[in-house]
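Trainee: I should like to work through this model with you, one point at a time. May we begin once it is on the screen?

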Amino acid sequence: RTKYGHNTDNFFMLECSSNLSDYKEMDKLASEISAITEDKINLIVFDTLHRNTAGIDENSASDFALVLGNVDKYLKPYVNLIGYIHHTGNGAETSMRGRGTSARFAAMDTSIVIHSKAKGNAGINCVKQKDGDAFETMFFDMEKVDIDLKGEDGESLFNIVPILGTEKVGEEKEEVTKDLSIYADIIKDYLLSKKCEVLQK
């Protein structure tokens with residue numbers, strides 16, 4: 001709003017988390033959303049997925065199925081796009097997707113990874129786009145913007161705004177290679193769910 005002068009009257013934020021695995025909390029959230037507007041809202045984002053799924057095992061495909069079922073039942077009637085922020089794994093195979101069960105990656109329509117290798121810039125690349133082509137990797141410079149607020153110590157607060165189109169001077173554009181091995185876990189989980197034997201080398 002400070003950078004571009006946009007009206008943010010249609011932006012709402014809940015100060016507390018909502019447990020996506022608890023149908024009672026999801027029913028309450030759906031009621032709050034429907035009270036805001038009679039139309040569908042454009043986008044809801046859960047930040048982070050871990051904070052909003054208390055009590056479930058993020059490595060469990062069945063636990064995530066419970067979350068997905070609640071999202072479909074309680075949120076989809078009121079929201080056009082449903083997203084969440086999640087941390088990637090540490091291994092080579094999971095560095096380009098969210099940590100935990102691969103069933104989560106399989107269920108998404110779009111998966112976007114945000115990465116930063118140098119202070120002051122960031123890159124965004126699409127590692128999954130269902131029924132379409134993934135967009136090209138985008139690079140951003142991060143601009144510090146004074147938001148005209150004071151902290152508890154009286155110092156001015158600022159925020160970071162991504163500015164599209166420039167890369168860090170002297171740094172070559174990183175070539176992003178799509179790692180198809182991320183689909184191995186998805187296929188394995190599917191076969192196990194069908195009670196098939198998985199032969200491993």
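Trainee: Of the 201 residues of the protein, what percentage count as buried?

Mentor: Please keep in mind that this is a predicted model. A residue is buried when its relative accessible area is under 20%. Of the 201 residues of the protein, the share that meets this criterion is 26%.

Trainee: In what order do the helices and strands run from the N terminus on?

Mentor: The protein has four helices and six strands. Read from the N terminus on, the order of these elements is α-β-α-β-α-β-β-β-β-α.

Trainee: Which element gives the most residues to the largest nonpolar core?

Mentor: That core holds 15 residues, and L20, M26, L29, I33, I44, F46 and L75 touch the most other members. At least two of the core residues come from each of α1 (23-36), β1 (41-47) and α2 (61-75). The element that gives the most, with five residues, is α2.

Trainee: Which residues does L20 touch, leaving out those up to four places away in sequence?

Mentor: L20 is among the core residues that touch the most other members. With residues up to four places away in sequence not counted, L20 touches M26, F46, L49, N52, T53, V67, N70, V71 and L75.

Trainee: N52 appears in that list. Is N52 buried or exposed?

Mentor: N52 lies in the loop between β1 and α2. Beyond four places in sequence, N52 touches S17, S18, N19, L20, F46 and D47. Its relative accessible area is 5%, and the cut-off for burial is under 20%, so N52 is buried.

Trainee: Which two residues are joined by a cis peptide bond?

Mentor: Most peptide bonds are trans. The cis bond here has an omega of about -5 degrees, and one of its residues, T48, lies in the loop between β1 and α2. The residues joined by this bond are D47 and T48.

Trainee: D131 has a positive phi. Where is D131 found?

Mentor: Most residues other than glycine have a negative phi. Phi of D131, by contrast, is near 60 degrees. D131 counts as exposed because its relative accessibility is 77%, where the cut-off is over 50%. It is found in the loop between β4 (121-129) and β5 (138-150).

Trainee: D148 also has a positive phi. Is D148 buried or exposed?

Mentor: D148 is found in strand β5, and its phi is near 60 degrees. Its relative accessibility is 71%, and the cut-off is over 50%, so D148 counts as exposed.

Trainee: Which residue stands opposite V113 in β4?

Mentor: In strand β3 (residues 110-115), the covered face consists of S111, V113 and H115, and the uncovered face of T110, I112 and I114. β3 pairs with β4 in the antiparallel sense over six bridges. Opposite V113 in β4 stands N125.

Trainee: Which residue in the turn between β3 and β4 has a positive phi?

Mentor: The two strands form a hairpin, and five residues lie between them. The turn residue whose phi is positive, at about 100 degrees, is G120.

Trainee: Over the ring of which residue does the charged end of R104 sit?

Mentor: A charge is placed over a ring only if it is within 6 Å of the ring centre. K144 lies over the face of F158, at 4.3 Å from the ring centre. The charged end of R104 is 5.2 Å from the centre of its ring, which belongs to F64.

Trainee: What residues is P162 in contact with, leaving aside neighbours within four places in sequence?

Mentor: P162 lies in strand β6 (residues 156-164) and is partly exposed, with a relative accessible area of 41%. Its C-alpha atom is separated by 9.0 Å from that of K144, 18 residues apart along the chain. Its contacts beyond four places are Y4, F140, D141 and M142.

Trainee: How many disulfides are counted?

Mentor: A disulfide is a covalent bond between the sulfur atoms of two cysteines. C16 counts as exposed at 59% relative accessibility, whereas C126 is buried at 3%. The count of disulfides comes to zero.

Notes:
Residues are numbered from 1 along each chain as its sequence is written. This is a predicted model: local features need pLDDT of at least 70, side-chain atom pairs count only at pLDDT 80 or more; totals for chains, interfaces and linings use all residues. Side-chain values use heavy atoms; hydrogens and water are left out. A nonpolar core is a set of buried Ala, Val, Leu, Ile, Met, Phe, Trp, Tyr and Cys residues joined through side-chain atoms within 4.5 Å. Buried means under 20% relative accessible area, exposed over 50%, partly exposed in between (1.4 Å probe, protein chains only). Contact means heavy atoms within 4.5 Å. A charge sits over a ring if NZ of Lys or CZ of Arg is within 6 Å of the ring centre and within 35 degrees of the ring normal. A disulfide is a pair of cysteine sulfur atoms within 2.5 Å. Two strands pair if DSSP finds at least two bridges between them.
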